[in-house]
Amino acid sequence: MKRPHVMFTGTGRAVPKRIMTNHDFAAIGIETDDAWIVDRTGIRQRHVAGPGESLTSLAAEASKTAMAAAGVNAAEIDAIVMATVSPDHLLPAAAVEVQAAIGASRAAAFDVDAACTGWIYAVVVAEGLIATGNAETVLVIGGEVLTRIVNWKDRNTCVLFGDGVGATIVKRATKGKGLLSSYLRTDGTLAKLLWRPAGGGEMAASDATIADGSFWVHMQGREVFKHAVRSMADACERALDGAKLSADSVDLVIPHQANVRIIEATAKHANISMDKVYVNVDRYGNTSAGSIPIALDECIRSGRITDGSTVMFVGFGAGFTWGSLIVRF
Ligand code: ACO
């Protein structure tokens, strides 16, 4: 079947109320400083979920905003596809909790775990559901409360992440608008460069795994950096080839927001000028599966994306997974 099958008809985002700046780490005994974090990552602050805030509550808020923007009510949603690695509960899926929270009683609901590339994977799953006639209206959510799975004693990781959720309504495409190309890849041989050693079936959560840190996120930052740049540059090229477009014909690139240096190096490798690249990592930190749909919602609401804009999305994350989409709005 010829693309586009699907388009985005509404977006929303939600972040916790509390903002933690780089200066706030000193108060919790982390030896770091604003200049180190800004120079290495571009991050100045992140949102941190507090009491009463959860992945489900943020996802429900973002979803309601996206539904209002799309003019869709809960009963019209056929499927909820949720990308996350930080669910409120390990069983059942996070999407199930959102389904109940927004009252989407007809919707099939399930999660996609592709870490920071999760929203890109989830959009492609939604496209499949629509193209095969399994759904007409899909709520695609990407988001995290990563601050609840990072080790707050490990300065190598805790300064990088933040909490937030983005939601997107995906429907059948009309008038040639929508998803023009996609590219998805994984290299599981590199899984242990960014992972949580304990907490799953192999090594259960316990006082010992919490005390030795193996319950939390572990990362080899330099290796991640190297692979992220190479893979995201590759994904840009593949998505452009798939859509038969040149980099010049793309109006905007929305990359996964992990680190401004990764974003700049990717743009350089892909021959894309930074004035076409959206960056908000300074305000949110790395919200993993949330980063791209949050940025998309900002771009739509600020008018950076308008009718006819051609936008490339590119992501990279634990797995390693990486991927890209090109969408005409
Ligand atoms: N504050 C101050 N010093 C720190 C901090 C900190 N927060 N964290 C680490 N350091 C120290 C290290 O201990 C080390 O000290 P040492 O030399 O005395 O041992 C020194 O800084 C250099 O550490 P490196 O890890 O070599 O620093 P690097 O320049 O590689 O920067 C960083 C680290 C920012 C993590 C970088 O490797 C990076 O950005 N990697 C990508 C990781 C990423 O973005 N992951 C997100 C998840 S994956 C994704 O979303 C794409």
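Helix H7 gives the most to the shell around the ligand, with four residues. That shell belongs to a predicted model, and it counts 22 residues in total. Here is a quick tour of the ligand's surroundings, followed by the two sheets and the helices that pack on them.

**Around the ligand**

- Thr32, Arg222, His256, Asn259 and Asn286 are the closest of the surrounding residues.
- Three helices, H1 (34–41), H5 (155–158) and H7 (221–243), each bring at least two residues to the shell.
- Sorted by class, the shell holds 11 nonpolar, seven polar and four charged residues.

**Polar contacts and cover**

- Asn286 places a polar side-chain atom 2.8 Å from an oxygen atom of the ligand.
- Arg155 takes part through its backbone, where an N or O atom lies 3.1 Å from a ligand nitrogen atom.
- For Trp36, an N or O atom of the side chain is 3.4 Å from a nitrogen atom of the ligand.
- On its own the ligand has 1,000 Å² of accessible area, and the protein covers 76% of it.

**The five-stranded sheet**

- Read across, this open sheet runs S1-S7-S6-S4-S5, and its pairing is mixed.
- Its edges are strand S1 (6–14) and strand S5 (108–112), each of which pairs on one side only.
- Neighbouring strands here are turned by 20 degrees against each other on average, direction ignored.
- Strand S4 (residues 79–83) pairs with S5 in the parallel sense over five bridges, and Met82 stands opposite Asp111 of S5.
- Helix H4 (residues 118–131) packs on this sheet and touches S1, S4, S5, S6 (137–145) and S7 (163–172). The direction of H4 makes about 165 degrees with that of S6.

**The four-stranded sheet**

- The second open sheet has the order S8-S13-S12-S11, again with mixed pairing.
- Strand S8 (178–186) and strand S11 (252–255) each have a single partner strand, so one side of each is left without a neighbour in the sheet.
- From one strand to the next, the twist averages 10 degrees.
- S11 and strand S12 (residues 310–317) pair in the parallel sense over four bridges; Val253 has Met312 in S12 as its bridge partner.

**A helix that meets both sheets**

- Helix H10 (residues 291–301) lies across S1, S6 and S7, running at about 100 degrees to S1.
- H10 also packs on the four-stranded sheet, where it touches S11 and S12. Its direction makes about 145 degrees with that of S11.

Notes:
Residues are numbered from 1 along each chain as its sequence is written. This is a predicted model: local features need pLDDT of at least 70, side-chain atom pairs count only at pLDDT 80 or more; totals for chains, interfaces and linings use all residues. Side-chain values use heavy atoms; hydrogens and water are left out. Two strands pair if DSSP finds at least two bridges between them. Axes are lines fitted to C-alpha atoms, for helices over the stretch in contact, and angles run from 0 to 180 degrees between N-to-C directions. Contact means heavy atoms within 4.5 Å. A residue is near a molecule or strand if one of its heavy atoms lies within 4 Å of it. A polar contact is a pair of N or O atoms within 3.5 Å; within protein, one must be able to donate a hydrogen and the other to accept it, and residues adjacent in sequence count only if both atoms are side-chain atoms. Accessible areas come from the Shrake-Rupley method with a 1.4 Å probe; for residues, only the protein chains shown count as cover. Ala, Val, Leu, Ile, Met, Phe, Trp, Tyr, Cys and Pro count as nonpolar, Asp, Glu, Lys and Arg as charged, and the others, Gly among them, as polar.
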